[in-house]
Amino acid sequence: MAGFPRLLLLLLFWDMGSQGFPASPKPQEQDMEVVQKYLENYYNLKSEMKQVKKQGRYDPVVEKLKQMQEFFGLKVTGKADADTLDLMKKPRCGVPDAGSYVLTWGNPHWKHRNLTYRIINYTPDLPREDVDCAIEKAFDLWSKATVLTFTKVHEGEADILLSFLRGDHHDNSPFNGPGGQLAHAFQPGAGLGGDVHLDEDETWTDDFRDYNLLQVVAHELGHSLGLSHSKDIGALMYPNYIFTGDVLLSQDDIDGIQAIYGPSKNPITGPRTPQICDTKLTFDAVTKVRGEVFFLKDRFFIRYHPYHNPQGTLSFITDFWSFLPSNLEAAYNVPERDENLFFKGSKYWVIKGDQSSYGRPRDIYSSFRFPKRVKKIDAAVHEEESGKTYFFVADEYWRYDEYKRSMDVGYPKKIIYDFPGINDNVDAVFQNEGYFYFFIGKKQYKFDPKTKRTLAVLKTNSWFKC
């Protein structure tokens with residue numbers, strides 16, 4: 001651990017107390033090394049340490065940890081707690097972090113608008129044509145948002161060179177084998193400027209398996225064009241690798257690249273990341289999973305627990321269930337079977353417990369006997385006491401018996417008959433402590449199914465500490 005004050009780091013870990021590693025009371029050597037290398041690689045710790053020696057200031061590790069925690073939206077403690085260490089061990093881009101869409105320091109950018117690129121070599125993990133296709137798509141994402149054009153050349157000079165390399169490849173940023181740093185790129189300029197290096201020790205894929213080449217290359221090209229990392233977890237320029245299914249630019253990415261090069265001739269927009277305390281927040285579906293509540297919105301969910309996570313944590317759906325699509329429309333949980341069901345269009349997925357492996361969709365017609373006129377489920381909720389599940393579609397609802405695995409006779413019925421005060425087109429609903437919580441637009445209705453009365457009208461995000 002050369003170049004790092006070992007005693008200070010040991011004191012840092014000792015100060016973690018009960019918030020550290022529950023499995024072992026003593027700090028592990030490998031975890032201390034993770035902290036050191038991470039802060040050196042992505043938060044300029046080594047440079048700060050030189051200033052400490054020159055000026056005699058106090059060790060900056062705590063401040064660097066706080067900076068990293070603030071960037072990722074973690075609890076800012078300045079201590080290497082379990083959540084911080086977990087995030088440090090996730091695969092990511094090798095470029096250091098900055099702020100919310102941020103331009104590279106000094107605002108380097110290409111002076112010309114017609115850029116060329118060349119693929120120096122190919123990974124054996126994919127056919128050459130698949131590599132060509134992924135890289136072309138990555139460039140196309142950025143060209144649609146800007147006035148830039150990209151032309152592939154097969155020999156000679158090019159503005160952006162893309163290479164698959166291993167270990168120390170003589171650019172002062174060696175790769176570290178599988179996991180960890182996946183790739184890095186250089187800001188616009190001469191020499192290495194704009195070049196993209198991909199770690200050949202990774203396994204490159206064209207699907208959801210680690211690591212999707214299109215997603216990684218598209219991210220690195222953001223650096224090649226002059227962008228730094230973003231704090232927005234929904235942005236392509238977020239530093240950690242999270243496969244989200246569709247590779248696209250968020251509005252944050254678009255705002256950033258257009259701040260450098262101006263808008264494209266055909267204006268485009270991208271998805272915005274939900275903000276937990278946004279007063280206009282709406283939900284697509286809400287369900288419980290083993291005591292926690294999952295509020296689903298677009299590509300994301302907010303994970304909530306009244307004691308362990310009262311502020312809610314925003315994550316990608318695919319980060320928890322890799323095979324589920326975005327924009328789910330309904331969800332419910334059957335605790336007696338430890339099953340979670342997720343609906344989109346006429347398809348649904350069944351997940352046992354916290355299972356995260358691949359799951360095949362089923363259709364609502366053969367399983368639940370919905371008529372063909374039902375194209376999608378708006379909302380669904382399971383009532384534990386009765387074993388019944390309620391499906392809401394437009395202004396009607398069906399009741400399904402989970403024990404008999406059949407629809408109850410006499411349905412559908414009008415929602416307003418048995419749920420007075422609840423309008424049609426319910427966005428989401430879930431049960432908590434015997435009450436139904438209906439989400440309709442920006443409002444939430446606390447409903448007592450026994451007395452058939454609405455007890456309160458709340459904001460959709462009233463669950464969180466906003």
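The largest pocket here has a volume of about 1800 Å³, and 49 residues line it. Keep in mind that this is a predicted model. Besides that pocket, there is one cavity of 30 Å³ or more to look at, plus two helix pairs and a few backbone oddities.

**The largest pocket**

- If you want to find the middle of the largest pocket, go to Phe 72, Gly 73, Leu 74, Thr 313 and Leu 314, which are the closest of its 49 lining residues to the centre.
- Strand β9 (309-316) is among the elements that each supply at least two lining residues, and its seven residues are the largest share of the pocket lining.
- Helix α5 (82-88), strand β8 (300-305) and helix α9 (317-320) also each put at least two residues into that lining.
- The lining of the largest pocket is a mix by class, with 20 nonpolar, 17 polar and twelve charged residues.

**The cavity**

- The count of cavities of 30 Å³ or more stops at one, and the largest cavity holds about 230 Å³ of space.
- Around the largest cavity there are 22 lining residues, and Gln 215, Leu 236, Tyr 238, Asn 240 and Ile 242 are the closest to its centre.
- Helix α7 is the top contributor to the cavity lining, with four residues.
- Sorted by class, the lining of the largest cavity comes out as 13 nonpolar, five polar and four charged residues.

**Helices α6 and α7**

- Helix α7, already met at the cavity lining, spans residues 213-225 and packs against helix α6, residues 128-145.
- The axes of α6 and α7 are 9 Å apart and make an angle of about 45°, so the two helices are oblique to each other.
- The crossing of this pair, α6 with α7, is right-handed.
- On the α6 side, the residues in contact are Val 131, Ala 134, Ile 135, Lys 137, Ala 138, Phe 139, Leu 141 and Trp 142. They meet Leu 213, Leu 214, Val 217, Ala 218, Leu 221, Gly 222 and Leu 225 on the α7 side.
- By class, that α6 and α7 contact has 13 nonpolar residues, with one polar and one charged residue beside them.

**Helices α2 and α4**

- The other pair to check is α2, residues 29-43, with α4, residues 61-71.
- Here the axes lie 11 Å apart at an angle of about 70°, so α2 and α4 are roughly perpendicular to each other.
- Helix α2 passes α4 in a left-handed crossing.
- From α2, the contact takes in Val 35, Tyr 38, Leu 39 and Tyr 43. Facing them from α4 are Val 61, Lys 64, Leu 65, Gln 67, Met 68 and Phe 71.
- By class, the α2 and α4 contact has eight nonpolar residues, one polar and one charged.

**Backbone spots to check**

- Asp 210 and Tyr 211 are joined by a cis peptide bond, with omega at about -5°. Tyr 211 sits in the loop between β5 (196-199) and α7.
- A cis peptide bond also links Tyr 411 to Pro 412, where omega is about 15°. You'll find Pro 412 in the loop between β17 (406-407) and β18 (413-414).
- His 170 isn't a glycine, yet it has a positive phi of about 65°. Look for His 170 in the loop between β3 (160-165) and β4 (183-185).

Terms used
Residues numbered from 1 in each chain as written. Predicted model: local features only at pLDDT ≥ 70, side-chain atom pairs only at ≥ 80, totals over all residues. Heavy atoms only, no water. Axes fitted to C-alpha atoms, helices over the stretch in contact; angles between N-to-C directions. Parallel < 35°, antiparallel > 145°, perpendicular 65-115°, else oblique. Left-handed = near helix turned anticlockwise from the far one by under 90°. Contact = heavy atoms within 4.5 Å. Nonpolar A, V, L, I, M, F, W, Y, C, P; charged D, E, K, R; others polar. 1 Å grid on protein atoms, 1.4 Å probe; cavity = no way out; pocket = protein on both sides within 12 Å on 5 of 7 lines; lining within 4 Å. Points joined across faces, edges and corners; volume = space filled by probe spheres on them.
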